[in-house]
Amino acid sequence: MVDVADDVDRIVEQWARERPELETEAMAAFGRVYRLAKIVGDRQERVYGALGLNRGEFDVLATLRRSGEPFQLSPKALTSSLMLTSGGMTGRLDRLERAGLVARSPDPADRRGLVVTLTGAGRVLVDEAVAVGLAEQREVFERLPEARRRQLSALLRELLSAAEEG
């Protein structure tokens, strides 16, 4: 276990000096979560970039891939899953379609709708991207002993659940 002061400790100490009445325990925890997510996210962004994708494009491809056969969703389902505006989704789909990674076609169940389908090239690319992205996450996560990883996952699940309830 590492008990060395980090940048978050220094920030909390500055607030304690300037505003001693503030309770900063949550600031410290969320500051670390944010910094960790940023560091690992940047690492993932670099490996996705080496494959010609940005994070947003990866998210669309990964959502289609994990939806299962036939790797097809409506633009509305994608937008909802990724918490995007329809305009933001359209831009991503335009780029991915130009690259031959997805195809848009009429929805056979709704004459007014469309479906977005992961192409064979898109599936090959996203399968590679998810593997290298996970490798970046594991490289950091596995620096903790297995029991601590399970404990951290359980605590974060509990905290996320509490936050979503509010």
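**Entry 1. Strand β3 and Thr117**

I looked up Thr117 and found it in strand β3, which covers residues 110-118. The model is a predicted one, and I read every value below with that in mind. Thr117 counts as buried because its relative accessibility is 18%, and the cut-off for buried is under 20%. I then listed the contacts of Thr117, leaving aside neighbours within four places in sequence: they are Pro70, Phe71, Gln72, Leu101, Val102 and Ala103.

**Entry 2. The loop between α3 and β1**

Two of these contact residues called for a check of the backbone. I located Pro70 in the loop between α3 and β1, the latter being residues 72-73. The peptide bond leading from Glu69 to Pro70 is cis, and its omega is near 5°. Phe71 is placed in the loop between α3 and β1 as well. Its phi is positive, about 55°, although Phe71 is not a glycine. I noted both features because most residues other than glycine have a negative phi and most peptide bonds are trans. Is Phe71 buried or exposed? With a relative accessibility of 6%, Phe71 counts as buried.

**Entry 3. Met83**

I found another positive phi at Met83, near 55°, again in a residue other than glycine. Met83 sits in the loop between α4 (75-82) and α5 (86-98). At 76% relative accessibility I record Met83 as exposed, whereas Phe71 is buried.

**Entry 4. Overall fold**

I counted seven helices and three strands in the protein. Along the sequence they follow the pattern α-α-α-β-α-α-β-β-α-α. The radius of gyration is 20 Å, well over the 15 Å that the globule rule gives for 166 residues, so the protein is more spread out than a compact globule. I also took the extent of the C-alpha trace along the principal axes, which is about 60 × 30 × 25 Å. Of the 166 residues, 27% count as buried. The accessible surface comes to about 11,400 Å², and carbon and sulfur atoms hold 57% of this area. Among contacts with a separation of 6 or more, 48% involve residues 24 or more positions apart.

**Entry 5. Helix α2**

I compared the length of helix α2 (residues 25-50) with expectation. For its 26 residues at 1.5 Å a residue, the span should be 38 Å, and the end C-alpha atoms are 38 Å apart, which agrees. Which residues of α2 are buried? I obtained Ala28, Gly31, Val40, Gly41, Arg43, Gln44, Val47 and Tyr48. The cover over these buried residues includes α1, α3 (55-66) and α6 (120-141). After α2 comes Gly52, with a positive phi near 90°.

**Entry 6. Salt bridges**

I found 19 salt bridges in the structure, and examined several of them.

Arg32 is paired with Asp9, and the closest N and O atoms are 2.7 Å apart. Arg32 belongs to helix α2 and Asp9 to helix α1, so this pair ties together parts that are 23 residues apart in sequence. Arg32 is partly exposed, with a relative accessible area of 32%. Asp9 is partly exposed also, at 25%.

Asp127 and Arg65 meet in a salt bridge with an N to O distance of 2.7 Å. This pair links distant parts of the chain, since Asp127 is in helix α6 and Arg65 in helix α3, 62 residues apart. I recorded Asp127 as partly exposed at 31% relative accessibility and Arg65 as partly exposed at 24%.

Asp127 has a salt bridge with Arg123 too, at 4.0 Å from N to O. Both residues lie in helix α6, four residues apart, about one turn of the helix. Arg123 is partly exposed, with a relative accessibility of 32%. Finally, I noted that salt bridges sharing partners join Arg43, Glu136, Glu139 and Arg143 into one network. Arg43 had already appeared among the buried residues of α2.

**Entry 7. A nonpolar surface patch**

Which residues make the nonpolar surface patch of about 310 Å²? I identified Ile11, Trp15, Leu22 and Met27. Of these I looked further at Trp15, which lies in helix α1 (residues 7-18). Trp15 counts as partly exposed because its relative accessibility is 36%.

Conventions. Residues numbered from 1 in each chain as written. Predicted model: local features only at pLDDT ≥ 70, side-chain atom pairs only at ≥ 80, totals over all residues. Heavy atoms only, no water. Patch = residues over 30% accessible without salt bridge, like charges linked within 9 Å, V, L, I, M, F, W, Y side chains within 5 Å. Areas by Shrake-Rupley, 256 points an atom, 1.4 Å probe, with all protein chains shown as cover. Salt bridge = Lys/Arg side-chain N within 4 Å of Asp/Glu carboxyl O. Helix = DSSP H or I, 4+ residues; strand = E, 2+ residues; numbered from the N terminus. Buried < 20%, exposed > 50% of the residue type's maximum accessible area, 1.4 Å probe, protein only. Rg over C-alpha atoms; globule rule 2.2 N^0.38 Å. Contact = heavy atoms within 4.5 Å. Expected span 1.5 Å × (residues − 1).
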